[in-house]
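Trainee: Could we go through this one together? I would like to practise reading helices and sheets.

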Amino acid sequence: MASEYSSDTLKKVSGLESEELVDTYLDYLEDIFLLYRVPKHNNLQESGKEKDIPRKIYSGDTGIFKAVYPGYPDSLGLRFENLVFLELLRREKQVFYFRNKRECDFVTKEKDSQNVSAAIQVSVCFGNPVVREREILGLTEALDEYGLEEGLILTMDEEEIIIADSKDGKK
């Protein structure tokens, strides 16, 4: 759930013989909606080298995921991010994540668009000053990258409007 992976690492931990076989199994799991692979948004999409783009995995059903991997950390933050991802899919968005110096959980495009239309962060503990700064800076970096005027930080229990200088995330 919300974990970045590489086919090489999955090959090693699974004991499978090749990265191609790992990718085939992941394709099967994606075909039956048990997991989704979300690519990092960058210019490789346009170059046709989409296989080389780092990806994150989200679960199609967190209950089944927890049953299959009982030792996986049961993090409210990971489940909340996974839930937001599933809602974005339900709304028929093209979903990516952004990482440069910092990370933004989601950047989205409308169904048949080439342009990023939204940047979204997901945070359970937004009241923590360190988390707050990290989330704002990640969001503002994505906003700058895609020329967006505003973004969204989804939290569990806080609501406010933050006006920040998009260059450094400061108020």
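Trainee: Which residue just after helix 2 takes a positive phi?

Mentor: Happy to help, and keep in mind that this is a predicted model. Helix 2 covers residues 19–31. Just after helix 2, a phi of about 65° is found at F33.

Trainee: How far apart are the end C-alpha atoms of helix 2?

Mentor: Start from the expected value: at 1.5 Å a residue, the 13 residues of helix 2 should span 18 Å. The model agrees with this, because the end C-alpha atoms are apart by 18 Å.

Trainee: And which residues of helix 2 are buried?

Mentor: Buried here means under 20% relative accessible area. The residues of helix 2 that meet this are V22, D23 and L26. They cover an arc of only 95° around the axis, so they sit on the same side of helix 2. On the other side, E20 and D31 are exposed, whereas the buried ones are V22, D23 and L26.

Trainee: Which strands stand at the edges of the open sheet?

Mentor: The sheet has 4 strands in the order 4-5-6-7, with mixed pairing. Two of them have a single partner strand each, so one side of each is left without a neighbour in the sheet. Those are strand 4 (94–99) and strand 7 (152–155).

Trainee: Which residue in strand 5 does F98 stand opposite?

Mentor: Strand 4 and strand 5 (residues 103–109) run antiparallel and are joined by 5 bridges. In strand 5, the residue opposite F98 is C104.

Trainee: At what angle to strand 6 does helix 6 run?

Mentor: Helix 6 (residues 129–146) lies across strand 4, strand 5, strand 6 and strand 7. Its angle to strand 6 is about 170°.

Methods
Residues numbered from 1 in each chain as written. Predicted model: local features only at pLDDT ≥ 70, side-chain atom pairs only at ≥ 80, totals over all residues. Heavy atoms only, no water. Helix = DSSP H or I, 4+ residues; strand = E, 2+ residues; numbered from the N terminus. Expected span 1.5 Å × (residues − 1). Buried < 20%, exposed > 50% of the residue type's maximum accessible area, 1.4 Å probe, protein only. Arc of directions from axis to C-beta. Pairing = 2+ DSSP bridges. Contact = heavy atoms within 4.5 Å. Axes fitted to C-alpha atoms, helices over the stretch in contact; angles between N-to-C directions.
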